[in-house]
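Visitor: I should like the labels applied to this protein to be justified one at a time. Could we begin once the sequence and the structure are on display?

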Amino acid sequence: CAAITPWNFPAAMITRKAAPALAAGCTIIIKPATETPFSALALGALAEQAGIPAGVIQVVTGKSSVIGDILTGDARIHKLSFTGSTEVGRTLMAQCAPTIKKLSLELGGNAPFIVFDDADLEKAADGLIASKYRNAGQTCVCANRVYVQDSIKDKFLDIFIKKVAELKVGNGMEEGVNVGPLINEKALQKVQALLKDALDKGATLMAGGSTNNASALAYNPTVITDISADMDIASEEIFGPIAPVFTFSSEEEVIRAANDTIYGLAAYFYSSDYARAWR
C-alpha cells in the first residue's frame, strides 16, 4: 500500500491510512506533504519503538511529482490512498490506471452551511464559528458557502459577527488563541486574491479582511455578504478564514444552490423542523 497525505492533519491522516493497511497485513509507504515531513518521520520512528518491524511502515520525503510517479507506476503497489486537492487526485487516478490500482481519494470540498429561519441562531453561529475557522479555515470540510434565510439574515449576522470579533488570532500553541496562521505565503495570497475579487465585484466586507500582526501569515477572521455567482469565492474552495454569506428565500432554492458544485464531502444545516431535517 501507499499513502500520500496532506499537511493540515499531518498525524491523523497518516494513522487513519496506516492502521487499516497494517490490520489487513500489508506494508505501507507514506509520502507526507512537503510542508509537514517531520510529523511523518516521527510517527515512523515511534512505530518501530512500539514494536512494528523495520520496513513495515516506510516514510519517503522529497519532491511530490517524482515520488508520486513512482508510487503510482510501480505494479508492486496494489493500493493508493490520497487526501488532497481534486486536481492532484485526478492526476493520481490517471497515473494509477495502467496498473489498475485500488484507489481511495478524499478530495476538495465546497461545503454549504445552511441556516433556516427556524434555527436556534446562537447555536448556528457557534456551529459556523467551529466549522469555518477551525485550523484557520484550512480543512476540506470547512464551511465554504454560508446560506442564511433572508428573513433572519440581519439578526444572524449580528450574532455571528459579534462572535467572530471575539476570536483571538495568534500562535496556536498559546493559551486562548482560536485562529492560527495560514500554512504559507501562497495560501495567504490565495485568500487575499479571493477577497479582492469578491469586493471588486460588489461584495460587502462585514468583518476582518486584513492580515494580523500576530505573524506574517496570520489573517483576521473575515465575513463578507452580497455574494454573486460570478465571484471566484462562490465556487472555489477557500481554504482560509473567510465566510461568504449568501441569502435564500425557500428550501428548494437553497438545496439547488448547495448542490450546484462539483464537490461533495460535507454539508451542514441548522433547523428546528424535524420534517425538514429528514428531507
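Guide: Helices here are DSSP runs of H or I with at least four residues, strands are runs of E with at least two, and both are numbered from the N terminus. The model is predicted. With those terms, Ile100 is placed in the loop between helix 4 (86-96) and strand 5.

Visitor: Why is Ile100 called exposed?

Guide: Exposed requires over 50% relative accessible area. Ile100 reaches 72%, and therefore counts as exposed.

Visitor: What makes the phi of Ile100 worth noting?

Guide: Most residues other than glycine have a negative phi. Ile100 is not a glycine, yet its phi is positive, at about 50 degrees. Leu265 also has a positive phi, near 85 degrees, and is likewise a residue other than glycine. Leu265 sits in the loop between helix 8 and strand 11 (268-270).

Visitor: Why is Leu265 called partly exposed?

Guide: Under 20% is buried, over 50% is exposed, and partly exposed lies in between. The relative accessible area of Leu265 is 44%, so the label is partly exposed.

Visitor: What makes the contact between Asp74 and Arg76 a salt bridge?

Guide: The rule asks for a side-chain nitrogen of Lys or Arg within 4 Å of a carboxyl oxygen of Asp or Glu. For Asp74 and Arg76 the N to O distance is 2.7 Å, so the rule is met. Arg76 is exposed, with a relative accessible area of 70%.

Visitor: How do you know that Lys201 and Asp197 form a salt bridge, and which exposure class does each belong to?

Guide: Their N to O distance is 2.9 Å, within the 4 Å that the rule allows. Lys201, at 36% relative accessibility, is partly exposed. Asp197, at 15%, falls under the 20% cut-off and is therefore buried.

Visitor: What makes the salt bridge of Arg276 and Glu251 a link between distant parts of the chain?

Guide: The side chains meet at 3.1 Å, N to O. Arg276 belongs to helix 9 (residues 274-278) and Glu251 to helix 8 (residues 251-259), and the two residues are 25 residues apart. Both Arg276 and Glu251 are buried. Arg276 and Glu251 also belong to a network of salt bridges with Asp118 and Arg279. Over the whole structure the search finds nine salt bridges.

Visitor: Why is the five-stranded sheet called open, and which strands stand at its edges?

Guide: The strand order is 3-2-1-4-5, with parallel pairing. Strand 3 (57-59) and strand 5 (102-106) each have a single partner strand, so one side of each lacks a neighbour in the sheet. On average, neighbouring strands are turned by 15 degrees against each other, direction ignored.

Visitor: How do you know that strand 4 is paired with strand 1 and with strand 5?

Guide: Pairing requires at least two bridges between the strands. Strand 1 and strand 4 share three bridges in the parallel sense, and five bridges join strand 4 to strand 5, also running parallel. Ala2 has Leu80 as its bridge partner in strand 4, while Lys79 has Lys102 as its partner in strand 5.

Visitor: Why is strand 4 called largely enclosed?

Guide: Four of its five residues are buried, so strand 4 is largely enclosed by the rest of the structure. Helix 3 (residues 64-73) lies across strand 1 (2-4), strand 2 and strand 4 (79-83), and runs at about 160 degrees to strand 2.

Visitor: What makes Leu128 buried, and which residues touch it?

Guide: Leu128, in helix 5 (residues 121-133), has 0% relative accessibility and so counts as buried. Beyond its neighbours within four places in sequence, its contacts include Phe113, Phe156 and Phe160.

Visitor: How is the interface between domain 1 and domain 2 described?

Guide: Domain 1 spans 2-106 and domain 2 spans 111-278. Seven residues from domain 1 and 11 residues from domain 2 make the contact. The domains bury about 700 Å² between them, 68% of it on carbon and sulfur atoms. Their C-alpha centres lie 31 Å apart, and the rule finds zero salt bridges across the interface.

Methods
Residues are numbered from 1 along each chain as its sequence is written. This is a predicted model: local features need pLDDT of at least 70, side-chain atom pairs count only at pLDDT 80 or more; totals for chains, interfaces and linings use all residues. Side-chain values use heavy atoms; hydrogens and water are left out. Buried means under 20% relative accessible area, exposed over 50%, partly exposed in between (1.4 Å probe, protein chains only). Axes are lines fitted to C-alpha atoms, for helices over the stretch in contact, and angles run from 0 to 180 degrees between N-to-C directions. Contact means heavy atoms within 4.5 Å. Domain bounds come from an automatic or database domain assignment. Buried area is the accessible area (1.4 Å probe) that two parts lose on being put together, summed over both.
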